[in-house]
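Please look over the structure below. The report after it takes up a few local features.

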Amino acid sequence: MEIEDLRTFVEVADTGGISSAARRLGVSKSIVSRRLIRLEADLGVQLLARNTHGASLTEAGATFRDHAARVCAEIDVARETVSPGGDLRGRLRVAMPLTFGPTHFAPVIAEMARRHPLLHVHATYGDRFVDLIAEGFDCAVRVGYLADSNLVARRVGPIHGNFVASPDYVRAHGSPETLAELAGHQALMQGTETWQCTDGDGIRTFRPQGRFKADNGVALAAAAAAGLGIAWLPDCITYAYIASGRLVRVMTRHAPPPAAAYVVRPPGLHAARKVQVLTELLIEHFESSPELWGLDAAMRRRGA
């Protein structure tokens with residue numbers, strides 16, 4: 001029984017089709033089909049019911065899928081255990097944020113691929129939260145205030161941000177100075193998120209309200225510059241707007257606490273070495289390039 005046959009079956013089972021599994025694996029549909037036929041012949045049972053809409057698991061396939069996934073995971077761990085210092089192999093599927101991902105994180109991904117020529121890297125950029133398990137990702141980089149979940153997360157660096165608005169908006173609607181005043185303004189948001197602000201030694205959380213939403217921080221910065229409301233955005237997105245005077249900081253006495261970038265992965269006892277290597281590279285990236293994240297000189301001198 002070939003390990004690649006098992007991996008292919010798990011991908012088909014999780015994606016629900018041969019075409020989608022082939023795209024994930026980076027092989028042709030005919031190769032996927034041959035592997036499935038060979039695996040079913042080895043087992044002597046039908047694992048998948050093919051139809052025009054894809055492939056669904058038979059009862060035997062549903063039972064075998066979990067066993068096959070565990071075998072594949074154990075093989076990966078075993079390989080990394082006996083050769084912890086060797087070249088990374090196989091495939092790394094990582095979901096990255098579209099907001100400053102291509103500019104700030106992509107060089108790290110490229111450097112990882114350069115250092116490990118036997119590793120196949122598949123990076124997906126988007127600001128939606130992917131389902132790592134259902135969509136077959138090894139890990140994701142997420143930015144902000146991490147919500148509770150069953151995923152395993154490791155912080156890789158700080159993300160400093162501020163509440164910002166355009167000078168025209170401030171002239172028309174005023175500059176909020178308290179949480180109660182801020183709650184009365186139009187908020188520019190990615191969805192239904194909560195905002196945080198410092199209050200003395202504590203942190204207060206509230207749910208903003210507004211009519212404009214976008215799933216991308218760059219789009220929200222443009223909306224704020226157009227005078228549509230107040231946005232909470234990372235400094236690395238807004239520093240050029242602030243330098244040009246198109247945006248100004250508001251709520252400076254109650255600035256949002258630093259957020260962070262995290263590497264998140266599905267739950268398990270051990271992180272794959274490829275995920276560990278990516279995590280360490282990202283930590284190095286944050287430590288060596290603080291200017292990318294909009295930290296001013298005073299903050300850097302204080303070691304923030």
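The sections below treat a helix pair, a single helix and three loop residues.

## Model

This is a predicted model.

## The α1/α2 pair

Two packed helices are described by the angle between their axes and the distance between the axes. Helix α1 covers residues 3-15, and helix α2 covers residues 18-25. Their axes are 8 Å apart and meet at an angle of about 125°. An angle of about 125° is over 115 but not over 145, so the pair counts as oblique. The crossing of α1 and α2 is right-handed.

From α1, the contact draws on T8, E11, V12, D14 and T15. From α2, it draws on I18, S20, A21, R24 and L25. By character, the residues of this contact are four nonpolar, three polar and three charged.

## Helix α11

Helix α11 runs over residues 273-288, 16 residues in total. At 1.5 Å a residue it should span 22 Å. Its end C-alpha atoms are 22 Å apart, so the expected span and the model agree.

An α-helix has 3.6 residues a turn, so residues three or four places apart point the same way. The buried residues of α11 are R273, K274, V275, L278, T279, L281, L282, I283, H285 and F286. Charged residues are among them: R273 and K274.

## Two residues with positive phi

Most residues other than glycine have a negative phi. F100 is not a glycine, yet its phi is positive, about 50°. F100 sits in the loop between β3 (90-96) and α5 (101-115). Its relative accessibility is 8%, so F100 counts as buried, the cut-off being under 20%.

M251 also has a positive phi, about 55°, and is not a glycine either. Its loop joins β13 (248-250) and β14 (259-265). M251 is buried, with a relative accessible area of 3%.

## H185 and its surroundings

Is H185 buried or exposed? H185 has a relative accessible area of 13%, so it is buried. H185 is placed in the loop between α8 (179-183) and β8 (187-189).

Which residues does H185 contact, leaving aside its neighbours within four places in sequence? They are Y169, H173, G174, P176, Q209 and I230. Among these contacts, Y169, P176 and I230 count as nonpolar. H173, G174 and Q209 count as polar.

Terms used
Residues are numbered from 1 along each chain as its sequence is written. This is a predicted model: local features need pLDDT of at least 70, side-chain atom pairs count only at pLDDT 80 or more; totals for chains, interfaces and linings use all residues. Side-chain values use heavy atoms; hydrogens and water are left out. Helices (H or I, at least four residues) and strands (E, at least two) are DSSP runs, numbered from the N terminus. Buried means under 20% relative accessible area, exposed over 50%, partly exposed in between (1.4 Å probe, protein chains only). Contact means heavy atoms within 4.5 Å. The expected span of a helix is 1.5 Å times one less than its number of residues. Axes are lines fitted to C-alpha atoms, for helices over the stretch in contact, and angles run from 0 to 180 degrees between N-to-C directions. Angles under 35 degrees count as roughly parallel, over 145 as roughly antiparallel, 65 to 115 as roughly perpendicular and the rest as oblique. A crossing is left-handed if the near helix is turned anticlockwise from the far one by less than a right angle, and right-handed if clockwise.
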